[in-house]
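Here are my notes for a first look at this entry. Please read them with the model open beside you.

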Amino acid sequence: MQLQLSTWNEIELHLEHSKGIIIPIGSTEQHGPTGMIGTDAICPEFIAKAAGDEADLLVGPTFNVGIAQHHMAFAGSMTLRPSTMIASIVDWVNSLAHHGFTRIYFLNGHGGNIATINAAFAEVYAQNSLGGTGESGPETQNVKCMLRSWWELGGVMDFCKKAYPKGHGSHATPSEVALTFFAYPGHITNAPLEPKIAPNGGFTDAADYRKNFPDGRIGSDPSLATVEDGGKLVALARAGLVADFGKFALS
Ligand code: NI
């Protein structure tokens, strides 16, 4: 069940038996010469919709621009400042809490978002602890937020270790690229990758990132990505999400 495709009457009815919602959260940033710019938003969104269809879970709109300043030297990337993202997440949570949602599960697709999402949760809880004297009033009382990245869900990491013993890397990985190829098979891109496995290392700002990783990849060989693997990853993550969200909703 998707919030975006529902009427207000349907959501009011849904709230009578469930106070939980899944929010896919990702990023809009380059993913190397073969990866879609929306990869980090597409992965959690596709998994959440699959789990939502399977187990009648409510899935909200995708928060699809995140912390990506380090990708801004590549065309098409978009970023929020951490302060903007924290304020936006707090407003999303407060809006949902205002209607009675108390279990808000963020399914994340971008490692660079994690610190900022946790900071936003701290902001929500600070408002509660301050007795509703925060900017948004008392709506968030009793709200619990949860953050889970899709690759942490049951079996996903084990699959990646076996399928990609070399060249998984940490950005534009074959697993995330495979998942998008499965989701959007009409948008598969082939392009030469040189070197085959990208370099590893650190970075600071956008210029430093592009200097260290000229084609955008970090440590990865996304030519290993296949539609078939993408389907297996979706199946693992979908089952993991149904179980994980089920536990959270009852917490
Ligand atoms: Ni990514």
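1. Start with glutamate 176. Its relative accessible area is 7%. The cut-off for buried is under 20%, so glutamate 176 counts as buried. Keep in mind throughout that this is a predicted model.

2. What does Glu176 do with its side chain? Its OE is a donor of the nickel ion. The other protein donors are His31, through NE2, and Asp40, through OD. The donors lie 1.9 to 2.1 Å from the nickel ion. Their spacing in sequence reads H-x8-D-x135-E.

3. Two of these donors sit in helices. Aspartate 40 belongs to helix α2 and glutamate 176 to helix α6, so the pair ties together parts that are 136 residues apart in sequence. Aspartate 40 is buried too, at 2% relative accessibility.

4. Now look at α6 as a whole. Nine of its 10 residues are buried, so the rest of the structure largely encloses this helix. The buried residues are Pro174, Ser175, Glu176, Val177, Ala178, Leu179, Thr180, Phe181 and Ala183. Which elements cover them? The cover includes α2, α5 and α8.

5. Those helices return in the largest nonpolar core, which has 31 residues. Ile22, Tyr105, Leu107, Trp150, Leu233 and Leu241 have the most contacts inside this core. Two or more residues each come from α2 (39-55), β2 (103-108), α5 (156-163), α6 (174-183) and α8 (227-249). Another core lies apart from it, with 24 residues. Val90, Ile104, Phe106 and Ala120 are among them.

6. Leucine 241 is a good residue to select in the viewer. Which residues does it touch, leaving aside neighbours within four places in sequence? Leucine 241 is in contact with Ile22, Ile47, Ala48, Ala51, Tyr105, Leu107, Leu153 and Gly246.

7. Next, the salt bridges. The whole structure has seven. One of them joins aspartate 244 and arginine 148, with the closest N and O atoms 2.7 Å apart. Aspartate 244 is in helix α8 and arginine 148 in strand β3 (residues 144-149), so this pair links parts that are 96 residues apart in sequence. Aspartate 244 counts as buried, at 11% relative accessibility. Arginine 148 is partly exposed, at 24%.

8. Other salt bridges stay within a helix. In α2, the side chains of glutamate 45 and lysine 49 meet at 4.0 Å, N to O. These two are four residues apart, which means a separation of about one helical turn. Lysine 49 is partly exposed, with 29% relative accessibility.

9. Helix α8 has such a pair as well. Glutamate 228 and lysine 232 form a salt bridge, their closest N and O atoms being 3.6 Å apart. They too are four residues apart, about one helical turn. Why does that spacing suit a pair? An α-helix has 3.6 residues a turn, so residues three or four places apart point the same way. Glutamate 228 is exposed, at 55% relative accessible area. Lysine 232 is partly exposed, at 38%.

10. Finish at the surface. Which residues make the nonpolar patch of about 210 Å²? They are Phe182, Ile188 and Val227. Valine 227 is in helix α8. At 34% relative accessibility, valine 227 counts as partly exposed.

Note on methods: Residues are numbered from 1 along each chain as its sequence is written. This is a predicted model: local features need pLDDT of at least 70, side-chain atom pairs count only at pLDDT 80 or more; totals for chains, interfaces and linings use all residues. Side-chain values use heavy atoms; hydrogens and water are left out. A nonpolar core is a set of buried Ala, Val, Leu, Ile, Met, Phe, Trp, Tyr and Cys residues joined through side-chain atoms within 4.5 Å. Buried means under 20% relative accessible area, exposed over 50%, partly exposed in between (1.4 Å probe, protein chains only). Contact means heavy atoms within 4.5 Å. Donors are N, O and S atoms within 2.8 Å of the metal (3.2 Å for Na, K and Ca); water is not among the atoms, so sites may look incomplete. Patches are made of residues with over 30% relative accessible area and no salt bridge: like charges are joined within 9 Å, nonpolar side chains (Val, Leu, Ile, Met, Phe, Trp, Tyr) within 5 Å. Accessible areas come from the Shrake-Rupley method with a 1.4 Å probe; for residues, only the protein chains shown count as cover.
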